[in-house]
Amino acid sequence: MKGEGLKIVISGPSGSGKGTIVQELLKQGDYKLSISATTRKQRTGEIEGKHYFFKSKQEFDSMIEKDEMLEYAKFCNNYYGTPKEYVDNTIKLGHDIILEIEVQGALQVKKKYNEAVFIFIMTPTFKELKNRLVSRNTESMDIINNRLTRACEELSLFKEYDYIVINDNLEDAIREINTIVAAEKLKSGRYENFIKNVLANQEA
């Protein structure tokens with residue numbers, strides 16, 4: 001029985017490996033990635049509807065006013081957000097869709113999609129998280145320390161999530177997420193129409 005797909009929200013601090021996990025999930029399973037809308041200019045090689053939905057400021061404001069955004073935020077003078085229509089259409093086709101977003105955005109989504117599956121990715125220790133950020137060799141220690149402070153704030157909201165996945169080993173983390181998704185699909189609430197149909201056709 002294949003009904004609507006799941007809405008899977010994946011969050012985690014910078015350095016937790018959530019981006020790598022999401023890319024592996026997209027390779028291995030019947031997952032689709034939510035596509036964001038943005039007001040920033042389209043870059044060379046970017047494709048409309050694949051990398052982003054490119055919107056003018058007026059179009060973005062209109063989507064906000066019409067409650068067509070699940071969540072949105074402003075970054076470097078440009079807006080980024082998750083269009084509700086794309087998510088809804090994707091799950092209606094039976095695909096599981098992944099929304100890789102930061103914690104505040106996830107909390108916005110939860111207000112509209114409380115039934116979504118919320119997964120928080122974390123490293124085994126803060127020392128490991130710091131090591132991963134330092135090993136990137138792309139940011140100053142001030143920025144790294146700011147990221148660690150933010151990670152503490154994000155972790156304090158762990159109860160807003162349904163599951164915590166400790167990314168100590170990539171393969172284990174992938175397996176755990178796939179197990180979560182499989183279990184969610186067997187929840188009784190997803191079988192309401194199936195049960196009704198069985199009861200209505202007892203002689204069949």
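This report describes the overall make-up, the salt bridges and a nonpolar surface patch of a predicted protein model.

## Overall make-up

The protein has 204 residues, of which 37% are buried, and its secondary structure comprises 8 helices and 9 strands. Taken along the principal axes, the box filled by the C-alpha atoms is roughly 70 × 45 × 30 Å. Among the contacts with a separation of 6 or more, 66% are between residues 24 or more positions apart.

The exposed area of the protein is about 12,200 Å², and carbon and sulfur atoms supply 49% of that area. As for charge, there are 30 positive and 31 negative side chains, and the centres of these two sets lie 3 Å apart.

## Salt bridges between distant parts of the chain

Side chains of opposite charge can pair when their charged atoms come close. A search of the whole structure finds 13 salt bridges, and one of them joins aspartate 96 to lysine 185, with the closest N and O atoms 2.7 Å apart. This pair links distant parts of the chain, since aspartate 96 belongs to strand 7 (residues 96-100) while lysine 185, 89 residues apart from it, lies in the loop between helix 7 (170-184) and helix 8. Is each partner buried or partly exposed? Aspartate 96 has a relative accessible area of 4%, which is under the 20% cut-off, and therefore counts as buried, whereas lysine 185, with a relative accessible area of 31%, is partly exposed.

A second pair, glutamate 102 and arginine 150, also forms a salt bridge, here with the closest N and O atoms 3.6 Å apart. Because glutamate 102 sits in the loop between strand 7 and helix 4 (103-112) and arginine 150 sits in helix 6 (residues 141-155), the pair ties together parts that are 48 residues apart in sequence. Both partners are partly exposed, glutamate 102 at 29% relative accessibility and arginine 150 at 43%.

## A pair within helix 7, and a shared network

Within helix 7, aspartate 172 and arginine 175 lie 3 residues apart, about one turn of the helix, and their side chains meet in a salt bridge with an N to O distance of 2.5 Å. Aspartate 172 is partly exposed, with a relative accessible area of 31%. Elsewhere, salt bridges that share partners join Glu102, Arg150 and Glu154 into one network, to which the pair of glutamate 102 and arginine 150 described above belongs.

## Nonpolar patch and the loop after helix 6

Which residues make the nonpolar surface patch of about 360 Å²? The patch is made by Phe194, Ile195, Val198 and Leu199. Phenylalanine 194 lies in helix 8, which covers residues 192-200, and its relative accessible area of 38% makes this residue partly exposed.

Another aromatic residue, phenylalanine 158, is found in the loop between helix 6 and strand 9 (163-166) and is likewise partly exposed, at 41% relative accessibility. The C-alpha atom of phenylalanine 158 is separated by 9.5 Å from that of valine 103, although the two residues are 55 residues apart along the chain.

Conventions
Residues are numbered from 1 along each chain as its sequence is written. This is a predicted model: local features need pLDDT of at least 70, side-chain atom pairs count only at pLDDT 80 or more; totals for chains, interfaces and linings use all residues. Side-chain values use heavy atoms; hydrogens and water are left out. Helices (H or I, at least four residues) and strands (E, at least two) are DSSP runs, numbered from the N terminus. Buried means under 20% relative accessible area, exposed over 50%, partly exposed in between (1.4 Å probe, protein chains only). Contact means heavy atoms within 4.5 Å. Accessible areas come from the Shrake-Rupley method with a 1.4 Å probe; for residues, only the protein chains shown count as cover. Lys and Arg count as positive and Asp and Glu as negative; His and the chain ends are not counted. The place of a charge is taken as NZ of Lys, CZ of Arg, CG of Asp or CD of Glu. Patches are made of residues with over 30% relative accessible area and no salt bridge: like charges are joined within 9 Å, nonpolar side chains (Val, Leu, Ile, Met, Phe, Trp, Tyr) within 5 Å. A salt bridge is a side-chain nitrogen of Lys or Arg within 4 Å of a carboxyl oxygen of Asp or Glu.
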